[in-house]
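Reader: I would like a close look at one part of this protein, with its surroundings described in order. Please keep to what the model shows.

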Amino acid sequence: MWYKIFNMKYEDMLKFAEEVSHNAYAPYSKFPVGACVLAESGKVYTGCNFENSSYGMTICAERNAVGNAIANGEKKIRAVAIYSPRMKNCMPCGACRQVLSEFQSDEGLDVILQEENGIKVVPLKVLLPDCFEL
Ligand code: THU
């Protein structure tokens with residue numbers, strides 16, 4: 001699913017992330033997560049985590065959302081919102097930070113998190129300084 005809304009607000013992206021978290025397939029961890037990425041085109045793409053009985057095959061919500069954007073022809077990502085009904089401030093895991101870094105726009109990539117009251121925005125470069133790049 002993608003949406004194009006002009007002047008997309010980070011709060012709205014968190015709402016999309018919340019909505020898609022309801023589709024998570026997380027029977028093992030019982031920890032649903034939703035993510036919404038904002039691409040340079042202005043479109044947003046959502047993804048949720050989906051687990052596997054072979055636990056290591058699990059795909060996080062963020063990587064699912066990035067894959068959705070790439071499959072729809074996007075090249076760069078400006079921001080990602082992450083939401084879990086189980087946890088405020090649900091941070092992206094290390095693997096997802098590396099995957100997000102591959103597609104960050106020249107202006108960087110904002111990571112948008114749900115706090116108790118309001119939102120928090122952290123630049124990916126703060127969460128993953130000196131990342132591996134070829
Ligand atoms: N998970 C995500 O989808 N994104 C995160 O940022 C953290 C972890 C998922 C993976 C697994 O399905 C469940 O949450 C528990 O680790």
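How much space lies in the largest pocket?

Author: The model is a predicted one, and in it the largest pocket holds about 170 Å³ of space. Its lining is made up of Ser101, Glu102, Gln104, Ser105, Leu124, Lys125, Leu128, Pro129, Asp130, Cys131 and Glu133. Two elements each give two or more residues to that lining: α3, residues 94–102, and α4, residues 124–127. Sorted by class, the lining has four nonpolar, three polar and four charged residues.

Two of the lining residues, Gln104 and Leu124, lead on to Leu109. Setting aside neighbours within four places in sequence, Leu109 is in contact with both Gln104 and Leu124. The other contacts of Leu109 counted in this way are Ile77, Arg78, Ala79, Val80, Leu100, Val122 and Pro123.

Leu109 also belongs to the largest nonpolar core, which has 20 residues. Leu109 is among the residues with the most contacts inside this core, together with Val37, Ile77, Val80, Ile82, Leu100 and Val111. The elements that supply two or more residues to the core are β2 (34–39), α2 (61–71), β4 (77–83), β5 (110–115) and α4. Of these, α2 gives the most, with four residues. The element α4 therefore appears twice in this account, as it is listed for the pocket lining and for the core, where an element is a DSSP run of helix or strand. Apart from this core lies another one, of twelve residues, including Met13, Leu14, Ala79 and Tyr83. Ala79, a member of that other core, is one of the residues that Leu109 contacts.

Just before Leu109 comes Gly108, in the loop between α3 and β5. Is Gly108 buried or exposed? Gly108 is buried, because its relative accessible area is 12% and the cut-off for buried is under 20%. Not counting residues up to four places away in sequence, Gly108 touches Ile77 and Arg78. The C-alpha atoms of Gly108 and Arg78 are 6.6 Å apart, although 30 residues separate the two along the chain. Ile77 and Arg78 are also on the contact list of Leu109.

After this loop the chain enters β5, which pairs with strand β6, residues 118–123, in the antiparallel sense over six bridges. The two strands form a hairpin, with two residues between them. Within the pairing, Val111 stands opposite Val122 in β6. Val111 is one of the core residues with the most contacts, and Val122 is a contact of Leu109.

The loop at the other end of β4, between β4 and α3, holds Pro85 and Asn89. Pro85 counts as partly exposed because its relative accessibility is 48%. Leaving out residues up to four places away in sequence, Pro85 touches Ser21 and Pro32. The C-alpha atoms of Pro85 and Val33 are separated by 7.4 Å, with the two residues 52 places apart along the chain. Asn89 is also partly exposed, with a relative accessible area of 24%. Phi of Asn89 is near 55°, a positive value in a residue other than glycine.

A positive phi of about 55° is also found at Lys30, which is not a glycine either. Lys30 lies in the loop between α1 (10–21) and β2. Lys30 is exposed because its relative accessible area is 54%, and the cut-off for exposed is over 50%.

Conventions:
Residues are numbered from 1 along each chain as its sequence is written. This is a predicted model: local features need pLDDT of at least 70, side-chain atom pairs count only at pLDDT 80 or more; totals for chains, interfaces and linings use all residues. Side-chain values use heavy atoms; hydrogens and water are left out. On a 1 Å grid over the protein atoms alone, a cavity is a set of points where a 1.4 Å probe fits but cannot get out, and a pocket is an open set with protein on both sides within 12 Å along at least five of seven lines; lining residues have an atom within 4 Å of a point. Grid points are joined across faces, edges and corners, and a volume is the space filled by probe spheres set on the points. Ala, Val, Leu, Ile, Met, Phe, Trp, Tyr, Cys and Pro count as nonpolar, Asp, Glu, Lys and Arg as charged, and the others, Gly among them, as polar. A nonpolar core is a set of buried Ala, Val, Leu, Ile, Met, Phe, Trp, Tyr and Cys residues joined through side-chain atoms within 4.5 Å. Buried means under 20% relative accessible area, exposed over 50%, partly exposed in between (1.4 Å probe, protein chains only). Contact means heavy atoms within 4.5 Å. Two strands pair if DSSP finds at least two bridges between them.
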